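Biologist: Hi! I'm new to this one, could you walk me through it?
Modeller: Happy to, let's pull it up.

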Amino acid sequence: MNHSYSYQSTLVASDAIHWRIEDIIGGEKRLDFARPFMPDSLARVEQLSFLTPDEKRILNQIRGNAYLCIFGLVEEFILPFVMDHARKQLQGDDYRVRALLQFASEEAKHIQLFKRFRQEFEDGFGTDCPVIGPPEAIASAILAHDPLGVALTTLHIEWMVQRHYVESIKDDQELDPQFKSLLKHHWLEEVQHAKLDTLMVESLAAGRSEAEIMKSVEEYIEIGGFIDAGLAQQVEFDMDSFIRATGRQLTDAEKEEFRTIQLQANRWTYLGTGMTHDRVLETLQYLTPKARQRIESISPAFC
Ligand SMILES: [Fe+2]
Ligand SMILES: [Fe+2]
């Protein structure tokens, strides 16, 4: 495939970037609940015109909490997946072993960071905000799929993180600086993961026929469908959390509008931004042009 990614260069970049959880959360570093956490291109709370500015900010923060918790969830399947992949390739390339173990170690750190964030969010927000789960059940459902289908899902997730930060978060001056700092530090390490995912996809696809590759692409789509069902549940949780946090009663028509706009906002955040990412599409194209066409035929539903 046409790229310059290597295990050695991602390892060098990762060593240079490395940060500690204690450096980015805790002590003086607190969330500011007077500010939004998420860019509106992902939260889409502004479209809910029946909400006041304060109510929009509260819903935005509920979405921010769900965002980091959902990343915590998906990283619970990425961690064992990368470890299993590394376990099979312990011989032959020292840089590969070290880069993949560093990848797994960073995901373990991110899982812990997001748990730490959730504790702080719960302490400061004052209303319990449920998030889909449990993580172990979601991880085992995803890991039951073909490894190449799982690797494509991981590739999708990590390029998606790149896109969220670069296109929507980096230049948004309204966002809470502490929440933005968590996203920035996560993004800095995810850059290497997205490159390693590309190398993992290439390695898992090697020697497969086009029909076998297309079967894995269908599994990637099935995993997307599983995530999509989770997102519909998350919208119900978020609406319930919003009502409890604000005391606002919504009419049936307002609830319907909330569901429609927020489900599409979640689909765009977790599915559309990955399925339409240039790097994801290039990797699919490299596997077979049919793979790219298949994803392009369904991605508009998630945008
Ligand atoms: Fe991560
Ligand atoms: Fe990652």
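Modeller: We can go through some helix contacts, the cysteines and a few single residues, keeping in mind that this is a predicted model.

Biologist: Great. How do helix 1 and helix 8 cross?
Modeller: Helix 1 covers residues 7–17 and helix 8 covers residues 177–205; their axes come within 9 Å and cross at roughly 165°. That angle is over 145°, which means helix 1 is roughly antiparallel to helix 8.

Biologist: Is that crossing left-handed or right-handed?
Modeller: Helix 1 and helix 8 make a left-handed crossing.

Biologist: And which residues meet there, in helix 1 and helix 8?
Modeller: On the helix 1 side you have Tyr7, Thr10, Ala13, Ser14 and Ile17, and from helix 8 come Leu188, Glu189, Gln192, Lys195, Leu196 and Leu199. By class, the contact of helix 1 with helix 8 has six nonpolar, three polar and two charged residues.

Biologist: Nice. What about helix 4 and helix 9, how do they cross?
Modeller: The axes of helix 4 and helix 9 (residues 210–246) cross at roughly 140° and come within 10 Å. At that angle, helix 4 is oblique to helix 9. The crossing of helix 4 and helix 9 is right-handed.

Biologist: Which residues make that contact?
Modeller: Helix 4 brings Glu55, Ile58, Leu59, Ile62, Arg63, Ala66 and Ile70, while helix 9 brings Leu231, Gln234, Asp238, Ser241, Phe242, Ala245 and Thr246. The contact of helix 4 with helix 9 divides into eight nonpolar, three polar and three charged residues.

Biologist: Where does Asn266 sit, then?
Modeller: Asn266 is in helix 10, which spans residues 252–275. With a relative accessible area of 1%, Asn266 counts as buried.

Biologist: What does Asn266 touch?
Modeller: Setting aside neighbours within four places in sequence, Asn266 is in contact with Arg63, Leu231, Val235 and Leu271. You've met two of those names already: Arg63 and Leu231 are among the residues of the contact between helix 4 and helix 9.

Biologist: Switching topic: how many disulfides are there?
Modeller: Zero, searching the whole structure.

Biologist: Why doesn't Cys129 have a bond to Cys69?
Modeller: Because the two sulfurs are too far apart: the closest cysteine sulfur to that of Cys129 is in Cys69, at 9.0 Å. A pair would have to be within 2.5 Å to count as a disulfide.

Biologist: Is Cys129 buried or exposed?
Modeller: Cys129 is buried, at 3% relative accessibility. Cys303, on the other hand, counts as partly exposed at 34%.

Biologist: Any backbone oddities? Where is the cis peptide bond?
Modeller: The cis peptide bond joins Gly133 and Pro134, with omega at about -5°. Pro134 lies in the loop between helix 5 (94–125) and helix 6 (135–143).

Biologist: And Pro135, where is that?
Modeller: Pro135 is in helix 6, and its relative accessible area of 23% makes it partly exposed. Beyond residues up to four places away in sequence, Pro135 touches Leu73 and Glu76. The C-alpha atoms of Pro135 and Phe77 are 8.2 Å apart, although the two residues are 58 apart along the chain.

Biologist: One more. What is the phi of Arg44?
Modeller: Arg44 has a positive phi, about 50°, although it is not a glycine. Arg44 lies in the loop between helix 3 (40–43) and helix 4 (53–87), and at 15% relative accessibility Arg44 counts as buried.

Note on methods: Residues are numbered from 1 along each chain as its sequence is written. Chains are lettered from A and ligands numbered from 1 in the order in which they are written. This is a predicted model: local features need pLDDT of at least 70, side-chain atom pairs count only at pLDDT 80 or more; totals for chains, interfaces and linings use all residues. Side-chain values use heavy atoms; hydrogens and water are left out. Axes are lines fitted to C-alpha atoms, for helices over the stretch in contact, and angles run from 0 to 180 degrees between N-to-C directions. Helices (H or I, at least four residues) and strands (E, at least two) are DSSP runs, numbered from the N terminus. Angles under 35 degrees count as roughly parallel, over 145 as roughly antiparallel, 65 to 115 as roughly perpendicular and the rest as oblique. A crossing is left-handed if the near helix is turned anticlockwise from the far one by less than a right angle, and right-handed if clockwise. Contact means heavy atoms within 4.5 Å. Ala, Val, Leu, Ile, Met, Phe, Trp, Tyr, Cys and Pro count as nonpolar, Asp, Glu, Lys and Arg as charged, and the others, Gly among them, as polar. Buried means under 20% relative accessible area, exposed over 50%, partly exposed in between (1.4 Å probe, protein chains only).
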